[in-house]
Amino acid sequence: MSPRKYRQNAYQVCVNILKARHLPQNANSRVVVRVGKRKRKTVIRKKTDSPIFNEYFVFDLVCELDELLSTKIMITVYVKTFLRYKFHGNAIFEVALVWDQPDHQYFHKWAMLTNPKDLSAGPKGYVKCNITINVKGEKMKVHPETEGEDDIEGNLLLPVGGEFVAYRQRASYIFTIYRADGLPDMSSFCMKNDYENINPFVQISFAGMKQTTREEWQTYRPYFNQKIIFNEMFPSLCQRVRIAIKHRVNTCRTCVVASYILNLAKIFQSGKYDFLPTFGPSFLHFYGIGTTERNTCFGKRFSALPFYRGRVLVSLKTEIDDSETISGISTQTELAVPIIETLIFMVVTESRREQGSHGVIAEREQEEKLEKLEGMVALESADAYIFYNAMIRDLNNHCIRYLDMLNTGRYDVKGGTTKLDRYRVNFCRNEIENILKRIKMTGQLPNNNYIRIAMVHGYQYLGKLKKLREDPQHSLPDVFIWMITGSKRRVAYARFPAEKIIYSEEAAEKGTLCGRRMDVFLRNPWDKEEADYMACKLEIFLWLGNADYVGA
């Protein structure tokens, strides 16, 4: 069978500009909406500080999902003077911000306008808008009109979790790039190579700003030890940070070796156990970049292959800036103190694995039992409530064991963990305690009268457990199995996260696929994950762990 040809998806970004508030008195204003490189303008509303526009714009995009999520949306207000239109303020965010919302849309939200060059001036006004991301052919959800939508502060356009923040503040996002290793040999892959080895540097893109580390020459293990500081608002409307390893081809050209998207929404929390965006020090592992990447070092044929391209040791710290020294959005670089890595990698790897594996096992068991329960309810089984009660008892016992594991002290400051690990412990503990309280409140069922409501509760518990599984700090790289022909051409592969096959003496902490005999289907590396065929099947046994436990 010939390889399947993949088409890019068709998306629509729909922006409805309703009205604006708190503009200059008697202003002649208009709103310009820019999505990517396309822009649309509203009509001019004259002599009012509260103009009503009610104009609807549709932007058609044909691209891959990753390219869509990185597309910028800019809502800008211009005020007309005697001679020209003068910039007043704007709001800039990514499509990913809208995509993460329920139904992929913001409804009747107020975008706060600011001047990027002078954040200390405060809000320059507000624009009320509806923004929807729609896949062509799908129906959009229509929201009914509700009261209180003119409450600006209560309906601000904010990222997920940002609604719990009292107000937006100026902040410094401090990224520290320590070192990199495992970088590829450019002499065998690079199509634009003028040197034998790689000349690496790291570029970070965030909130429309870019900054790079210094360049190292002819080395696969560069040491940077530099801080890159972005001065922006918190919470930022741009939640995706793009970290790219780049190669200096010659004095005039650079190319991209690999890139990684760090989602800030996964490394900060608002609420009872709130903390600012925090990460590492931890390794980010880089793999083959997508086909949408421009200026790749590997040409079109090799750019999307899932080769391992190296790792970078990174940390992120966020500080709220209360001083008046930094007025606008800006970037800067500083030298950083080298990190001491003795034994930290091994300790942190073990602690993260133990945190996540309990949540994975509980989630898998809960999902399997809910599927079985759903079948029993559909068949109107008289024993459905008995099965539900047993499932809830097992979940309750598992949560108690999980809390005991968190309270052993292995995640204390002296345990070799990072700040984010310790913050996540508090978050996980809070979520598990909430589940136990809900189980105690709802109790067990005496009959099948409320079995469907109980199933809803079960799926809510499952959703909370899935949150515990997502750990943005991955200490171990993924495991690849490649099939190679006699000409050394890679024809098929399979990929496994290390956490699924890692071994532990504790059964609850062992990977779900560790030590199991299983059938693995290899697929063509040139195709996407949605391919409807496989290249071949392997019967295989996988195990990953410390050499001391090989006999296990």
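The side chains of Asp181 and Arg179 come together in a salt bridge, with N and O 2.6 Å apart; a salt bridge here is a side-chain nitrogen of Lys or Arg within 4 Å of a carboxyl oxygen of Asp or Glu. The model is a predicted one, in which local features need pLDDT of at least 70 and side-chain atom pairs count only at pLDDT 80 or more, while totals for chains, interfaces and linings use all residues. Residues are numbered from 1 along each chain as its sequence is written, and side-chain values use heavy atoms, with hydrogens and water left out. Asp181 is buried, with a relative accessible area of 7%, and Arg179 also counts as buried, at 6%. Buried means under 20% relative accessible area, exposed means over 50%, and partly exposed is in between (1.4 Å probe, protein chains only).

A second pair is formed by Arg495 and Asp478, whose closest N and O atoms are 2.9 Å apart. This salt bridge links distant parts of the chain, 17 residues apart: Arg495 is in strand β19 (residues 490-496), and Asp478 is in the loop between α8 (451-469) and β18 (479-484). Helices (H or I, at least four residues) and strands (E, at least two) are DSSP runs, numbered from the N terminus. Both partners are partly exposed, Arg495 at 36% relative accessibility and Asp478 at 25%. Returning to the opening pair, salt bridges that share partners join Arg179 and Asp181 with Arg221 and Arg311 into one network.

Twelve salt bridges are held by the structure. Among them is the one between Glu94 and Lys72, with an N to O distance of 3.6 Å. Here too distant parts of the chain are linked, since Glu94 belongs to strand β6 (residues 85-94) and Lys72 to strand β5 (residues 72-80), 22 residues apart. The two ends of this bridge fall into separate classes of accessibility: Glu94 is buried at 5%, whereas Lys72 is partly exposed at 29%. As a general point, side chains of opposite charge can pair when their charged atoms come close.

Strand β6 also contains His88, which is buried, with a relative accessible area of 13%. The C-alpha atom of His88 is separated by 9.1 Å from that of Pro24, although the two residues are 64 apart along the chain.

Turning to the surface, Glu365, Glu368, Glu371 and Glu374 form a negative patch. Patches are made of residues with over 30% relative accessible area and no salt bridge; like charges are joined within 9 Å, and nonpolar side chains (Val, Leu, Ile, Met, Phe, Trp, Tyr) within 5 Å. For charge, Lys and Arg count as positive and Asp and Glu as negative, with His and the chain ends not counted; the place of a charge is taken as NZ of Lys, CZ of Arg, CG of Asp or CD of Glu. Within the negative patch, Glu371 lies in helix α5 (residues 344-378) and is exposed, at 52% relative accessible area.

A nonpolar surface patch is made by Tyr56, Val58 and Met140, with about 260 Å² of accessible area together. Accessible areas come from the Shrake-Rupley method with a 1.4 Å probe, and for residues only the protein chains shown count as cover. Tyr56 lies in strand β4 and is partly exposed, at 45%. Strand β4 (residues 52-63) also holds Asn54, an exposed residue with a relative accessible area of 54%.

The backbone has some notable angles as well. Most residues other than glycine have a negative phi, and most peptide bonds are trans. Asn54 has a positive phi, near 55°, and Asp103 likewise has a positive phi, near 60°. Asp103 is found in the loop between α2 (95-99) and β7 (105-113) and is partly exposed, at 41%. Two cis peptide bonds can be described too. One joins Phe234 and Pro235, with omega about -5°, and Pro235 is placed in the loop between β12 (223-234) and β13 (240-248). Another joins Gly280 and Pro281, with omega about 10°; Pro281 is found in strand β15 (residues 279-287).

Helix α7 (residues 419-442) has 24 residues, which at 1.5 Å a residue should span 34 Å, and its end C-alpha atoms are 35 Å apart, in agreement. The expected span is 1.5 Å times one less than the number of residues in the helix. Just after α7, Gly443 takes a positive phi of about 70°.
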